[in-house]
Amino acid sequence: MQGNQRPRLVLRTREFQRLMRTRGCATASAQADTLGVYVSTVTRVCSGDVQPSGAFVARACDVLDVGIADLFEVIPAAERSAA
């Protein structure tokens with residue numbers, strides 16, 4: 001890895017939103033309440049501004065009853081540096 005380029009964990013936002021809507025959580029506020037996090041956490045993770053914490057990943061997978069790979073994707077450092 002060069003410099004501070006590291007792999008990045010990102011939320012599969014479309015799938016997250018789809019699954020949350022099926023559970024009646026269409027707004028960031030409802031999603032935050034369901035996950036037990038701040039609204040700003042949901043919006044920043046969904047926009048890709050921050051990586052989700054381990055707690056966020058665990059809660060989202062538990063609440064939505066899916067595996068990690070269903071909701072999250074690892075972006076390799078090589079792909080990020082090419083962008």
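## A quick tour of this model

Look through the whole structure for disulfides (pairs of cysteine sulfur atoms within 2.5 Å) and you'll find zero. This is a predicted model, where local features need pLDDT of at least 70, side-chain atom pairs count only at pLDDT 80 or more, and totals for chains, interfaces and linings use all residues. Residues are numbered from 1 along each chain as its sequence is written, and side-chain values use heavy atoms, with hydrogens and water left out.

Let's begin with the middle. The largest nonpolar core, meaning a set of buried Ala, Val, Leu, Ile, Met, Phe, Trp, Tyr and Cys residues joined through side-chain atoms within 4.5 Å, has 19 residues. Those that touch the most other members are F16, L35, V42, F56, L71 and F72. Helices 1, 2, 3 and 4 are the elements that give two or more residues to this core, and helix 4 gives the most, with five. As for these element names, helices (H or I, at least four residues) and strands (E, at least two) are DSSP runs, numbered from the N terminus.

Two of those core residues also make up the one aromatic pair in the structure. F16 and F56 sit 6.3 Å centre to centre with 40° between their planes, which makes the pair tilted. (Rings of Phe, Tyr and Trp, the last by its six-membered ring, pair if their centres lie within 6.5 Å; planes under 30 degrees apart count as stacked, over 60 as edge-to-face and the rest as tilted.) The pair links distant parts of the chain, with F16 in helix 1 and F56 in helix 4, 40 residues apart. Leaving aside neighbours within four places in sequence, F56 is in contact (heavy atoms within 4.5 Å) with F16, L35, V37, T41, V42, V45 and F72.

How shielded are individual residues? Here are some values of relative accessible area, where buried means under 20%, exposed over 50% and partly exposed in between (1.4 Å probe, protein chains only).

| Residue | Relative accessible area | Class |
|---|---|---|
| F16 | 0% | buried |
| F56 | 2% | buried |
| C25 | 7% | buried |
| C61 | 10% | buried |
| Q17 | 18% | buried |
| E15 | 26% | partly exposed |
| R18 | 38% | partly exposed |

Now for the helices. In helix 2 (residues 28-35), the buried residues are Q31, A32 and L35. Seen down the helix axis, they fall within an arc of 100° (taken from the directions from the axis to the C-beta atoms), so they line one face of helix 2. Their cover includes helix 1 (13-22), helix 3 (39-47) and helix 4 (54-64). Just after helix 2, G36 takes a positive phi of about 75°.

Helix 3 has V42, V45 and C46 as its buried residues. These, too, fall within an arc of 100° seen down the axis, so they line one face of helix 3. Among the elements covering them is strand 1 (8-11). G48, just after helix 3, takes a positive phi of about 85°.

Last come the two salt bridges, each a side-chain nitrogen of Lys or Arg within 4 Å of a carboxyl oxygen of Asp or Glu. E73 pairs with R12, their closest N and O atoms being 4.0 Å apart. E73 lies in strand 2 (residues 72-75) and R12 in the loop between strand 1 and helix 1, so this bridge ties together parts that are 61 residues apart in sequence. E15 pairs with R18, with the closest N and O atoms 2.7 Å apart; both lie in helix 1, three residues apart, about one turn of the helix.
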